[in-house]
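Welcome, and please load the model in your viewer with the cartoon switched on. We will go from stop to stop, selecting a few residues each time.

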Amino acid sequence: MSRNLVIVESPAKARTIEKYLGKDYEVLASYGHVRDLVPKEGAVDTEHDFAMRYDVIDRNAKHVDKIARSLKKSDALLLATDPDREGEAIAWHLLELLRERGLLKDKEVARVVFHEITKKAVGSAVASPREISSDLVNAQQARRALDYLVGFNLSPLLWRKVQRGLSAGRVQSPALRLICERDAEIEAFVPEEYWKIEARAEKDAQAFGARLHQLDGEKVEQFTVNNQGSADAAFEKLTQAAQGQLRVAKVDRKQRKRNPAPPFTTSTLQQEAARKLGFTAKRTMRTAQSLYEGVSIDGGEATGLITYMRTDSVSLAADAVSELRSMIGKRYGDKNLPDAPRSFKTKSKNAQEAHEAIRPTESARIPDEIKSNLTSDQARLYELIWQRTVASQMVHALFDTVSADLATSGDDRHLFRASGRTLREPGFLSVYKEGKDDDKGDDDADRRLPHLEEGELIKLAEIVPTQHFTEPPPRFTEAALVKTLEEYDIGRPSTYASIISTLQDREYVEMDGKAFMPTPLGKIVNKFLTDHFTRYVDYEFTANLEDRLDAVSRGEEKWQPLLKEFWDRFSEQIDAKQDLSREEVAQARELGTDPKSGKPVIVRIGRFGPFVQIGSKDDEEKPKFAGLRKGQDMDKITLDEALYLFNLPRDLGETPEGEEIQVNIGRFGPYVRYGKKFASLKEDDPYTISKERALEVIADKKEADAKKLIKHFEAEGIKVQHGPFGPYITDGKKNASVPKDQEPADLTLEQCQDIIAKAPEKKKRGRKGAAKKTADKAPAKSAAKSPAAKKNGAAKTTKAKTATKAKPKKTTAAKKPAAKTGTKSGDAASGKSQS
């Protein structure tokens, strides 16, 4: 029997720690959160001091049971979940579950915290236990309650007003707003012309360039020369004044220092891994987690290679700094070691300074020496963390810089400026150089000028004017978005990966290379939220709310008053927006009039994506519908482009066998129909495909079908054919696998009929499943189903399960009693934050 039961979050971590602690300890994993809010109305009781109802998460119930069984045989329980709010909440939830089962009587219970998984750190943590922090738990529960109240009330409104499956979130929605606003800036951007004028000079056979800095005694700004005429005039004036020579009017020589960047926080690690390694935030966090939990080096016991990867701090422990300085001195020489250790202060006002920055647990583990023990992702990320940490404790880099003003020989009022730089002492740059979002070249490369002395004349080879235009702001890459979210204080770095994933999963954004672009759906959801819930996508409001949640974690603010203040205004807003029309929210836009029918042509969003309609639901004849083609933007589509969409279906005549040929777009994309059969168009455009090409597609399909067919009983409509999972029999209504002990080609009609009769009926697709499946494929023809869906009671299937001012009897109707609302200080709890 194990005298001590230790609980961590992941099985990998459990295996590593159990080896450190020895036979008197059993280490089990909770596999993340053990409880979460019940996914139904009233999970947060807004009328009873925000009491929360929660239940065991199904997938982790077996792990809780295993922990409970082991605890019965143990004397002490050590809760060693992660050292942050989420980890504190997991420990508290598990403790409450075990208390409800009556398993804590006569048991010692302690909270154990460590920031790296090494033998020393784990042993030290076990020797210094503490109690669960009610402040951290309360902050996490307040965050979870807010996320529930926003998501559970706002998302159903989006379902009814836009389409099913959408979501809004307390942090997700401001992040979407950032991307949409940047897109609007780019759309509204008007390029401005400007010209750069450069002199190409030469001395001692060394060519170099100099930019026009002063013209007629006035400093040259970006738009001083802004058209061809002024560029030509400046060229003539400078050429005439120079007469092939420039005079060195002034030389300024300096030395410049550059200090290293601080070690990584969660946010800066995500940004740098995106820039340098091409990792998404999710990939970075997954890889960092594996490095933290432990890796076996050269067959030895597993050990954590980095400290905890969810942190806002840039500080390093004193013993870690001492070890780093020793390693730097031995590996890079004392000249690369500053006289005193470097210290850094975080810019984040809510950083938990008790934590460390992300660093290697032992700097002596050189990346090249251990990479054979790591996966490719682990090796690359570990190297990045190691380099950044080591560089942060090295001496500055030293540059020699020179700046020279070159006057035209005949007129001192015209000046060109040449700049150069030489790296004198690389310092930390010999180990690591920080990346940039807009890195267009190596700014640490030497840009040398020849030796210049004031008063000397040098040869002017030519003067070159070049035309330029201002560029719109760049779209957000993942690194830039993470950086901006942190600058605005929106959310927390540990949640950025899930926020970005949610925006992509909901199809609010798509990738243009490495940059985010809002989809038409994303723009509509953003406009709906910014127009009708402005306060809740406001950057300052979101940041202030995060500040107050952090104040709760420090014990400076109570969580229930915070929730009440939020809910009172938010619920009023929700109630006020229930009567918005779907057309208003879907941003229907009239493009003009159909010349054939005289009816209006409208573009809007529907259940299956953006579509165009001719006519309205109030007309005697049903409206016509056509989905937008891939790449078409509902904000930009013209009347002519919209009318062109109604050229489908197209009749292309008949096959040689007399089958009618028609091309169209259906639920699963474009197709050609021949008779009653169909062939998908994978590359061809249904709007332009010729009859000859359609016949080729049909012939290929017939050939593929013939190869698939094993036997055909035409009169009875029964086929034996090859399928993706082996041979099967079908009568068009039911499918049945051919028994393994029978040869498909030898089957008789009677055997086929018998096998089909015994086969189970095809399962019918439910509305929910069908809706989910079809929502992923935005077909043109299916767009026509949008109005029908509305008439057929779509509202019933999207009935809001809101938490609006639930009556007491609603919150107590559940089989389980309402949850206790707090820790020892009377505070509430539930599951993982879903912002």
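Our tour opens with the lining of the largest cavity: sorted by class, it has 10 nonpolar, 3 polar and 1 charged residues. Keep in mind throughout that this is a predicted model.

**Stop 1: the cavity**

Select Val-150, Gly-169, Arg-170, Tyr-536 and Val-537, which lie nearest the centre of the largest cavity. The full lining comprises 14 residues, and the space inside is about 90 Å³. If you run a search with a threshold of 30 Å³ or more, how many cavities does the structure hold? There is 1.

Now colour two helices, α5 (134–161) and α16 (539–553), the elements that give two or more residues to this lining. Which of the elements gives the most? That is α16, with 3 residues.

**Stop 2: Tyr-536 and its ring partners**

Stay with Tyr-536, one of the residues nearest the cavity centre, and show its side chain as sticks. Is Tyr-536 buried or exposed? Its relative accessible area is 10%, below the 20% cut-off, so Tyr-536 counts as buried.

Add Phe-541 to the selection. The structure has 15 aromatic pairs, and Tyr-536 with Phe-541 is one of them: an edge-to-face pair, 5.5 Å centre to centre, with 90° between the planes. Both of these residues are buried.

Next, bring in Phe-570. Why is its pair with Tyr-536 called edge-to-face? The planes of the two rings stand at 80°, and over 60 degrees counts as edge-to-face, so the label follows; the ring centres are 4.9 Å apart. Zoom out a little to see that this pair links distant parts of the chain, 34 residues apart. Tyr-536 sits in the loop between α15 (520–532) and α16, while Phe-570 belongs to helix α17 (residues 559–576). Phe-570 is at 0% relative accessibility, so this ring is buried too.

**Stop 3: the aromatic cluster**

Widen the selection to Phe-528, Phe-533, Tyr-536, Phe-541, Phe-566, Trp-567 and Phe-570 and show their rings together. These residues form one aromatic cluster, and the three rings from the previous stop, Tyr-536, Phe-541 and Phe-570, are among them.

**Stop 4: arginines over rings**

For the last stop, select Arg-177 and Tyr-539. Arg-177 lies over the face of the Tyr-539 ring, at 4.3 Å from the ring centre. Then move to Trp-159, where Arg-164 is placed over the ring face at 4.9 Å from its centre.

Notes
Residues are numbered from 1 along each chain as its sequence is written. This is a predicted model: local features need pLDDT of at least 70, side-chain atom pairs count only at pLDDT 80 or more; totals for chains, interfaces and linings use all residues. Side-chain values use heavy atoms; hydrogens and water are left out. On a 1 Å grid over the protein atoms alone, a cavity is a set of points where a 1.4 Å probe fits but cannot get out, and a pocket is an open set with protein on both sides within 12 Å along at least five of seven lines; lining residues have an atom within 4 Å of a point. Grid points are joined across faces, edges and corners, and a volume is the space filled by probe spheres set on the points. Helices (H or I, at least four residues) and strands (E, at least two) are DSSP runs, numbered from the N terminus. Ala, Val, Leu, Ile, Met, Phe, Trp, Tyr, Cys and Pro count as nonpolar, Asp, Glu, Lys and Arg as charged, and the others, Gly among them, as polar. Rings of Phe, Tyr and Trp (its six-membered ring) pair if their centres lie within 6.5 Å; planes under 30 degrees apart count as stacked, over 60 as edge-to-face and the rest as tilted. Buried means under 20% relative accessible area, exposed over 50%, partly exposed in between (1.4 Å probe, protein chains only). A charge sits over a ring if NZ of Lys or CZ of Arg is within 6 Å of the ring centre and within 35 degrees of the ring normal.
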